[in-house]
Amino acid sequence: MRNIKGTWVKALLSGALLAVLLAPSSPAAAVEDPPITAGAVFNDPLGTTSRQDAVKNHIIKAIDSTQSGRTLRTAMYALTDTGYSDALRRAHARGVQVRVVLDHSFSTSTAATQLTAALGTDRTQASWVHICPQDRACIADVTVDLGKNHINHNKFFLFSRVGDPGVAEDVVIQTSANQTPANTSRFWNNAYTAVGNTELYTAYTAYFNDLAAERRDADYFRQGKTAGAEKYYFFPQSTGDLMVSVLGNVSCTGNSTVGSASHKTVIRVAAYAFHRADVAAKLRQLADQDCWVEVVYNKTDELPALAGHPRIRPYQLRLDNGTATEGDDLFVHSKYLLIEGNYAGHPDTKWTFTGSHNLDLSSLRENDEALLRVEGAAVHDAYRANFLAMRSHATLKG
């Protein structure tokens with residue numbers, strides 16, 4: 001009997017062991033996506049809903065991943081999309097310090113009024129909304145009227161931390177996109193995210209604080225190279241032209257691995273508005289020196305300077321949206337400059353300049369604006385791929 005029991009026990013144990021060995025393994029725990037990723041994000045108004053909303057979703061995910069006790073700052077020109085304002089109100093409700101500078105132009109939208117009602121306007125409190133004066137920027141102190149704007153044209157978001165401690169500290173998101181529905185479904189836009197660059201975050205925070213305090217200055221222009229790959233520029237600039245100076249650092253030859261097929265430097269410009277004659281003249285001068293220049297634009301007064309040159313290709317990206325509504329076109333809203341080649345004495349390098357800064361006089365002289373320079377191939381190549389994708393939908397005009 002003992003032997004039978006022993007045999008039965010052994011069989012039972014063996015069967016149990018076999019069952020364990022043959023049982024399907026439990027699935028591994030899913031790896032969660034990080035709350036924020038550094039680098040470039042682009043939307044596509046011709047793509048799926050998720051592609052149209054890529055920039056918006058990137059920013060709202062960061063907002064929703066900001067924990068109680070942290071600080072979130074944003075400077076915006078246009079806020080009409082309640083997806084953004086709802087996310088900011090949720091952050092405030094869970095204890096995030098939410099601070100907003102908003103241009104007056106869209107301050108009566110439903111999104112803006114709901115956000116202002118939730119946060120209040122008292123800057124002695126943890127959260128608040130500050131609205132720039134009507135018909136004026138917050139900083140730019142216009143002494144000579146050059147045209148039409150005088151606005152806080154900024155579009156950036158600052159986070160003291162996104163997610164858990166140590167995951168993403170000192171986050172800067174600089175985008176070309178306004179916080180409106182059209183900026184997802186009709187306009188091509190981009191966003192660049194820097195994570196962990198404390199110098200950059202600190203510089204943007206100081207600029208934000210100056211916007212909120214309305215420290216008026218017709219020549220506020222600031223620039224600074226950080227310890228990371230980024231350099232910042234804040235406007236207005238009362239004399240000179242930063243972009244002409246940038247292009248003055250370009251040499252067309254000296255490369256051995258990048259650029260055109262013959263290793264000449266290539267300059268690519270994506271421009272919602274291109275109206276600065278000095279910039280167009282500088283691009284043509286560089287083309288005369290054997291650089292290759294490509295421009296994808298929405299509107300320009302400078303086509304005579306850009307067209308008719310064998311090494312300049314101007315493309316207009318403005319598409320009929322297929323509706324009967326006037327002004328419902330699709331167009332490039334990004335504002336970036338790419339340099340692939342010899343820049344500031346550094347051949348075979350790649351550089352990206354991106355932000356809210358259009359190539360018009362208002363962006364240079366009259367507006368509150370921010371621009372970032374990013375050094376490195378990975379970011380440049382992502383922007384180049386976006387440029388070529390936009391170019392594929394554009395019409396060559398020269």
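This is a short walk through one predicted model, from the overall fold to a few backbone details.

Start with the whole chain. It has 398 residues, and 52% of them count as buried. There are 12 helices and 20 strands. Now the contacts. Take those with a separation of 6 or more; residues 24 or more positions apart account for 71% of them.

Next, the core. The largest nonpolar core holds 40 residues. Which residues have the most contacts inside it? They are V101, F156, Y204, Y207, L211, F234 and M390. Several elements give two or more residues to this core. Among the strands are strand 5 (155–161), strand 8 (190–195), strand 10 (230–235) and strand 19 (369–375). Strands 16 and 17 belong on that list too. The helices are helix 7 (198–213) and helix 12 (377–391). Helix 7 gives the largest share, 8 residues.

Pick out L211 from that core. Leave aside residues up to four places away in sequence. L211 then touches A75, V101, H130, C138, I139, N152, N154, F156 and D368. Two of those partners, V101 and F156, are also on the list of core residues with the most contacts.

Now the sheets. One is an open sheet of 3 strands, in the order 7-16-15, with mixed pairing. Its edge strands are strand 7 (187–188) and strand 15 (318–319), and each pairs on one side only. Strand 7 runs parallel to strand 16 (residues 330–332), over 2 bridges. There, F187 stands opposite F331 of strand 16. As a reminder, strands of a sheet pair through backbone hydrogen bonds, either parallel or antiparallel.

Elsewhere, strand 12 and strand 13 also pair in the parallel sense, here over 8 bridges. F274 stands opposite T300 in strand 13. Why do we call strand 13 (residues 292–300) largely enclosed by the rest of the structure? Because 7 of its 9 residues are buried.

Helix 3 gets a similar reading. Of its 11 residues, 8 are buried, so the rest of the structure largely encloses it. The buried residues are A54, V55, K56, H58, I59, I60, A62 and I63. Note K56 and H58 on that list.

On to empty space. How many cavities of 30 Å³ or more does the structure hold? It holds 2. The largest has about 130 Å³ of space. Its lining has 14 residues, and those closest to the centre are M243, V269, Y336, L337 and L359. Helix 8 (242–248), strand 12 (266–274), helix 9 (277–288) and strand 17 (335–343) each supply at least two lining residues. By class, that lining has 12 nonpolar, 1 polar and 1 charged.

The second largest cavity has a volume of about 40 Å³. Its lining includes N43, Q52, D53, Y84 and A177. V55 and K56 line this cavity as well, and both are buried residues of helix 3. Helix 3 (54–64) and helix 6 (182–185) each give two or more residues to the lining. The classes here are 3 nonpolar, 5 polar and 2 charged.

Then the open side. The largest pocket has about 370 Å³ of space. It is lined by 23 residues, with Y77, H153, N178, Y272 and H333 nearest its centre. N178 also lines the second largest cavity. The pocket lining divides into 8 nonpolar, 10 polar and 5 charged.

Last, some local geometry. Most residues other than glycine have a negative phi, and most peptide bonds are trans. Here are the exceptions to look at. The peptide bond from F235 to P236 is cis, with omega near 25°. P236 sits in the loop between strand 10 and helix 8.

Two aspartates have positive phi. For D135, phi is near 65°. D135 lies in the loop between strand 4 (128–131) and strand 5. Is D135 buried or exposed? Exposed, with a relative accessible area of 62%. For D290, phi is near 90°. Its loop runs between helix 9 and strand 13. D290 is partly exposed, at 31% relative accessible area.

One more residue to find on screen: H346, in strand 18 (residues 346–355). H346 counts as partly exposed, because its relative accessibility is 43%. H346 and S251 are 95 residues apart along the chain, with their C-alpha atoms separated by 9.0 Å.

Technical notes:
Residues are numbered from 1 along each chain as its sequence is written. This is a predicted model: local features need pLDDT of at least 70, side-chain atom pairs count only at pLDDT 80 or more; totals for chains, interfaces and linings use all residues. Side-chain values use heavy atoms; hydrogens and water are left out. Two strands pair if DSSP finds at least two bridges between them. Helices (H or I, at least four residues) and strands (E, at least two) are DSSP runs, numbered from the N terminus. On a 1 Å grid over the protein atoms alone, a cavity is a set of points where a 1.4 Å probe fits but cannot get out, and a pocket is an open set with protein on both sides within 12 Å along at least five of seven lines; lining residues have an atom within 4 Å of a point. Grid points are joined across faces, edges and corners, and a volume is the space filled by probe spheres set on the points. Ala, Val, Leu, Ile, Met, Phe, Trp, Tyr, Cys and Pro count as nonpolar, Asp, Glu, Lys and Arg as charged, and the others, Gly among them, as polar. A nonpolar core is a set of buried Ala, Val, Leu, Ile, Met, Phe, Trp, Tyr and Cys residues joined through side-chain atoms within 4.5 Å. Buried means under 20% relative accessible area, exposed over 50%, partly exposed in between (1.4 Å probe, protein chains only). Contact means heavy atoms within 4.5 Å.
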